[in-house]
2 protein chains.
Amino acid sequence: MLDHQAIITAYQRIKHKVHQTPVVESTLLNQWLGHRLLFKAECLQKTGAFKFRGATNVLAKLSENNELPQQIVANSSGNHAQAIAYAAATFNIPASIFTIASVSKVKAAATEAYGARLHKFASRTDADQAVQEAAQQHGTLWIPPFNHPDVIAGQGTACYEALQQINAQVDAVFAPCGGGGLLSGTLLAAKGIDDRIQVIGAEPLNANDAACSLRSGKIETLPGPPDTLSDGAATPAVGSHTFPILQHCDDFYEIAESQIAYWTQWLQHLLKLHVEPTSAMTMQAVMNWLRKGRFSNPQTCLVILSGGNIDQAKMAQVWQEDYLARLPGSAEQQSR
Amino acid sequence: MLDHQAIITAYQRIKHKVHQTPVVESTLLNQWLGHRLLFKAECLQKTGAFKFRGATNVLAKLSENNELPQQIVANSSGNHAQAIAYAAATFNIPASIFTIASVSKVKAAATEAYGARLHKFASRTDADQAVQEAAQQHGTLWIPPFNHPDVIAGQGTACYEALQQINAQVDAVFAPCGGGGLLSGTLLAAKGIDDRIQVIGAEPLNANDAACSLRSGKIETLPGPPDTLSDGAATPAVGSHTFPILQHCDDFYEIAESQIAYWTQWLQHLLKLHVEPTSAMTMQAVMNWLRKGRFSNPQTCLVILSGGNIDQAKMAQVWQEDYLARLPGSAEQQSR
């Protein structure tokens with residue numbers, strides 16, 4: 001189940017095709033919290049998110065076996081669409097993205113600039129149905145956003161690469177959970193290197209299907225579209241490939257919307273990176289874990305900053321209230 | 001007047017004391033505009049702005065001559081305060097910052113975390129008077145924010161370093177203008193390397209004292225505190241050291257507030273960096289210069305992204321309207 005070798009193989013395969021993103025830290029944040037926090041800046045990955053790693057691993061593996069398709073299709077209105085568009089272009093394969101008509105102009109423009117064709121539908125259900133039909137065509141490959149072993153292995157290379165970059169013992173690794181591709185890949189990567197490394201997930205309280213699934217022991221689905229700033233973690237359910245891996249998480253936290261906004265402001269301010277709410281959310285899991293552990297020694301934590309694609313409406317919402325007035329680790333912040 | 005050697009000397013002096021910040025670019029932006037834009041990311045400099053270069057150069061030069069003071073004072077509520085606080089700490093010298101009582105909590109906390117003492121006053125006039133008195137004390141050095149040859153030389157190292165990092169002929173360099181420290185340093189750096197490089201400044205239309213001064217041929221002062229998103233360029237007047245250098249600018253543009261907000265959104269989105277409005281403003285100067293030149297060949301432009309410190313109120317203002325719906329270089333954007 002926990003196949004670390006798949007991560008190493010994926011990393012060897014894609015390392016020259018993806019950006020080696022930097023690992024960064026904030027002296028001030030470390031000083032305020034009394035622990036060392038390292039951030040893997042996947043917001044600086046090509047197309048602005050870790051998703052490019054999974055898409056590239058799928059195509060590079062097919063290319064090795066001379067099995068590249070004639071065309072690629074995918075359904076997404078988010079980071080997966082742009083990753084597929086760009087990865088397909090690097091392999092010179094035409095790609096079609098099936099999305100909703102209300103997709104933001106900036107995301108649509110990026111997807112098309114990367115060379116993909118955009119097909120717009122009235123509803124997500126219509127788009128999902130259309131992609132299924134398109135995938136039946138001869139020579140067509142549908143690349144799913146998370147529920148595929150090669151996608152999971154690709155996403156895990158972010159953590160694997162970070163652990164190679166860091167010259168220190170890492171105590172815990174934190175990643176957000178939507179469909180679970182990034183978090184399950186992170187588990188395979190970290191535990192294979194050192195199974196004492198704790199791997200911890202974070203999910204919006206308003207989209208807590210994974211937390212519910214981990215409690216009940218079976219895959220649970222959200223009752224409807226969730227209302228959350230973390231659009232990257234709004235997936236209705238985890239997958240059959242990701243769930244059995246996610247069950248190995250050492251801890252898992254459900255995060256309130258105000259905490260997601262709080263950490264988006266602070267990480268943008270302290271790291272000077274345009275991190276998306278889904279990434280910043282993970283910092284509250286770090287805070288909860290550190291508080292629960294009552295550690296006497298400073299801990300070293302690695303946080304996977306999954307991406308940096310945020311539309312204007314979400315940015316306006318994030319920056320509405322002044323969270324920078326409450327310092328991280330202060331009594332004011334901790335009382336929330 | 002145009003003393004390039006001062007920049008080289010400053011760079012040799014401080015290069016191991018400051019971050020070598022990356023030069024980044026956006027494939028999408030280059031594609032949309034048909035030119036190559038390179039960005040020097042000084043928002044990733046220590047304390048989040050280029051100001052750390054000038055402060056470090058002043059102190060490192062004094063240290064070389066065994067002339068370090070017993071204490072340092074400065075008046076600022078912005079990036080200069082944090083730069084002085086951090087630079088003083090690295091030389092183990094106590095620093096006092098004189099500022100207004102309404103300074104934001106996050107800036108005050110950072111200045112204090114860097115080890116400086118913060119003295120708060122009811123008005124800027126009171127703070128400026130107090131720093132003058134404090135500077136009279138024995139062994140005390142007042143470091144001004146821009147009007148000092150060693151400060152100017154330090155700021156110029158950002159452009160100098162960038163031109164070393166870039167393996168291409170640069171046609172034009174762009175920098176924002178507040179008191180003129182960064183822009184005059186940039187002039188000395190670029191023209192000394194190749195005097196065919198155009199050096200172009202940008203200033204908020206709402207705080208256009210430098211543009212007025214360049215037109216009239218003498219230093220003009222703003223009638224009162226300006227209303228602009230670009231707080232880093234709200235300085236009431238340029239200085240006696242910076243002005244004669246600024247007069248060598250090849251071009252200079254006054255930028256409207258809506259254009260400042262437009263480019264802050266777009267640069268944060270495309271570069272995934274938390275750039276401040278003062279930095280992003282410079283992009284509109286690039287657009288105006290490119291349009292005016294009607295170039296038949298793609299131009300290579302270097303933009304100095306001065307910093308990344310933005311308070312919550314400014315971020316909320318920047319992200320109020322959806323500028324991401326108007327693509328850079330599109331008819332919609334150009335009509336504004």
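Start by selecting R196(A), which is exposed because its relative accessibility is 60%, over the 50% cut-off. This is a predicted model. Now add D194(A). The side chains of R196(A) and D194(A) meet in a salt bridge, 2.9 Å from N to O. D194(A) is buried, with a relative accessible area of 15%. Over all chains, the structure holds 24 salt bridges.

**More charged pairs**

Move to chain B and select E64(B) and R13(B). They form a salt bridge, with the closest N and O atoms 3.0 Å apart. This pair links distant parts of the chain: E64(B) sits in helix α3 of chain B and R13(B) in helix α1, residues 4–14, 51 residues apart. R13(B) counts as buried, at 16% relative accessibility.

Next, pick E254(B) and R215(B). Their side chains meet in a salt bridge of 3.0 Å, N to O. E254(B) lies in strand β9 (residues 251–255) of chain B and R215(B) in helix α9 (residues 209–216) of chain B, so the pair ties together parts 39 residues apart in sequence. E254(B) is partly exposed at 25% relative accessibility, whereas R215(B) is exposed at 57%.

Back in chain A, select K40(A), E42(A), R53(A) and E161(A). A network of salt bridges links these residues.

**A buried charge without a partner**

Select D209(A), in helix α9 (residues 209–216) of chain A. How far away is the nearest side chain of opposite charge? That side chain, R215(A), is 10 Å away, and buried D209(A) has no salt bridge. Look at the backbone instead: the side chain of D209(A) reaches the backbone nitrogen of V238(A) at 3.5 Å. Beyond four places in sequence, the contacts of D209(A) include E203(A), E220(A), L222(A) and T235(A).

**Helix α1 of chain A**

Select residues 4–14 of chain A, which form helix α1. Its buried residues are H4(A), I7(A), A10(A), Y11(A), R13(A) and I14(A). What covers them? Among the elements there are α3 (51–64), α7 (149–165) and α8 (181–193) of chain A. Then show D3(A), which caps the N-terminal end of the helix. A side-chain oxygen of D3(A) lies 3.1 Å from the backbone nitrogen of Q5(A).

**T111(A)**

Go to T111(A), in helix α5 (residues 105–113) of chain A. T111(A) is buried, at 3% relative accessibility. Farther along the sequence than four places, T111(A) is in contact with residues including A81(A), Q82(A), I97(A) and L118(A).

**A loop that touches both chains**

Select C43(B), in the loop between β2 (36–41) and α3 (51–64) of chain B. Its relative accessible area is 0%, so C43(B) is buried. Among the residues C43(B) touches are K272(A), L273(B), H274(B) and L305(B). Now add Q71(B): 28 residues separate it from C43(B) in sequence, and 27 Å in space, C-alpha to C-alpha.

**The cores and the axis**

Which residues have the most contacts inside the largest nonpolar core? Select L267(A), M283(A), L267(B) and M283(B); the core has 148 residues. Zoom in on L267(B), whose contacts beyond four places in sequence include L29(B), F39(B), A280(B) and M283(B). A second, separate core of 35 residues includes L183(A), V199(A), F252(A) and L302(A).

Finish with both chains in view. A turn of 180° and a shift of 0.0 Å along the axis lay chain B on chain A, with an RMSD of 0.0 Å. That is the relation of a two-fold axis. The same surface serves both copies, as 100% of the contact residues of chain B recur in chain A. Select L273(B): of the residues of chain B, its C-alpha comes closest to the rotation axis, at 2.2 Å.

Conventions
Residues are numbered from 1 along each chain as its sequence is written. Chains are lettered from A and ligands numbered from 1 in the order in which they are written. This is a predicted model: local features need pLDDT of at least 70, side-chain atom pairs count only at pLDDT 80 or more; totals for chains, interfaces and linings use all residues. Side-chain values use heavy atoms; hydrogens and water are left out. Copies are superposed by least squares on the C-alpha atoms of residues with pLDDT of at least 70 in both. Contact means heavy atoms within 4.5 Å. A nonpolar core is a set of buried Ala, Val, Leu, Ile, Met, Phe, Trp, Tyr and Cys residues joined through side-chain atoms within 4.5 Å. Buried means under 20% relative accessible area, exposed over 50%, partly exposed in between (1.4 Å probe, protein chains only). Helices (H or I, at least four residues) and strands (E, at least two) are DSSP runs, numbered from the N terminus. Lys and Arg count as positive and Asp and Glu as negative; His and the chain ends are not counted. A salt bridge is a side-chain nitrogen of Lys or Arg within 4 Å of a carboxyl oxygen of Asp or Glu. A polar contact is a pair of N or O atoms within 3.5 Å; within protein, one must be able to donate a hydrogen and the other to accept it, and residues adjacent in sequence count only if both atoms are side-chain atoms.
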